[in-house]
Amino acid sequence: MSEALRLTVTGMTCGHCEKAVTRAIHQLDAQAEVHIDRAANLVEVKTSADPQALCAAITEEGYQAAPQA
């Protein structure tokens, strides 16, 4: 079951950064729907993947990621 998640992701400065974050998410869930608002440091993801696993994958790419409350 897909769940809508909102993550705070800092460190994204360009389109390449957005692609890296999207790629990290798709490695965990190839069907995930990803919407990024770089200016707001916001990543919205519709996925069945674990939020902590998503944050870990994004962190491995060099960005700071945390689920929003």
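## Exercises on a predicted sheet-and-helix model

Strands β2 and β3, the latter spanning residues 42-47, are joined by five bridges in the antiparallel sense. The structure is a predicted model, and the exercises below work through its sheet, its helices and three single residues.

**Exercise 1.** Determine the strand order of the sheet and state which strands form its edges.

*Solution.* Step 1. The sheet is open, comprises four strands and has the order β2-β3-β1-β4, with antiparallel pairing. Step 2. Pairing on one side only identifies β2 (33-37) and β4 (64-67) as the edge strands. Step 3. Averaged over the sheet, neighbouring strands are turned by 25 degrees against each other, direction ignored.

**Exercise 2.** Trace the bridges from strand to strand and name the partners of H35, R6 and L7.

*Solution.* Step 1. On β3, E44 is the bridge partner of H35. Step 2. β1 and β3 are antiparallel and share six bridges. Step 3. The bridge partner of R6 is likewise E44 in β3; E44 is thus named as partner of both H35 and R6. Step 4. β1 and β4 run antiparallel and are joined by four bridges. Step 5. In β4, P67 stands opposite L7.

**Exercise 3.** Describe how each helix is placed on the sheet.

*Solution.* Step 1. Helix α1 (residues 15-28) packs on the sheet and touches β1 (3-10), β2 and β3. Its direction makes about 155 degrees with that of β2. Step 2. Helix α2 (residues 51-60) lies across β1, β3 and β4. With respect to β4, α2 runs at about 170 degrees.

**Exercise 4.** Classify the packing of α1 against α2 and characterise the residues in the contact.

*Solution.* Step 1. Two quantities are required: packed helices are described by the angle between their axes and by the distance between the axes. Step 2. For α1 and α2 the angle is about 135 degrees, and the axes are 9 Å apart. Step 3. Angles over 145 degrees would count as roughly antiparallel, and 65 to 115 as roughly perpendicular; α1 and α2 are therefore oblique to each other. Step 4. The crossing of α1 and α2 is right-handed. Step 5. From α1, the residues V21, A24, I25 and L28 meet A53, L54, A57 and I58 of α2. Step 6. By class, the contact holds eight nonpolar residues, no polar and no charged ones.

**Exercise 5.** Is L54 buried or exposed, and which residues does L54 touch?

*Solution.* Step 1. L54 belongs to helix α2. Step 2. L54 counts as buried because its relative accessibility is 0%, and the cut-off for buried is under 20%. Step 3. Not counting residues up to four places away in sequence, L54 touches L5, L7, I25, L28, T47 and A49. Step 4. L54 and I25 are 29 residues apart in sequence, and their C-alpha atoms are 6.1 Å apart in space.

**Exercise 6.** Locate the loop residues A49 and N41 and assign each to an accessibility class.

*Solution.* Step 1. A49 is found in the loop between β3 and α2. Step 2. A relative accessible area of 16% makes A49 buried. Step 3. Beyond its neighbours within four places in sequence, A49 is in contact with L5, L28, D29 and L54. Step 4. N41 lies in the loop between β2 and β3. Step 5. With a relative accessible area of 26%, N41 is partly exposed. Step 6. Most residues other than glycine have a negative phi. N41, although not a glycine, has a positive phi of about 55 degrees.

Definitions and conventions
Residues are numbered from 1 along each chain as its sequence is written. This is a predicted model: local features need pLDDT of at least 70, side-chain atom pairs count only at pLDDT 80 or more; totals for chains, interfaces and linings use all residues. Side-chain values use heavy atoms; hydrogens and water are left out. Two strands pair if DSSP finds at least two bridges between them. Helices (H or I, at least four residues) and strands (E, at least two) are DSSP runs, numbered from the N terminus. Axes are lines fitted to C-alpha atoms, for helices over the stretch in contact, and angles run from 0 to 180 degrees between N-to-C directions. Contact means heavy atoms within 4.5 Å. Angles under 35 degrees count as roughly parallel, over 145 as roughly antiparallel, 65 to 115 as roughly perpendicular and the rest as oblique. A crossing is left-handed if the near helix is turned anticlockwise from the far one by less than a right angle, and right-handed if clockwise. Ala, Val, Leu, Ile, Met, Phe, Trp, Tyr, Cys and Pro count as nonpolar, Asp, Glu, Lys and Arg as charged, and the others, Gly among them, as polar. Buried means under 20% relative accessible area, exposed over 50%, partly exposed in between (1.4 Å probe, protein chains only).
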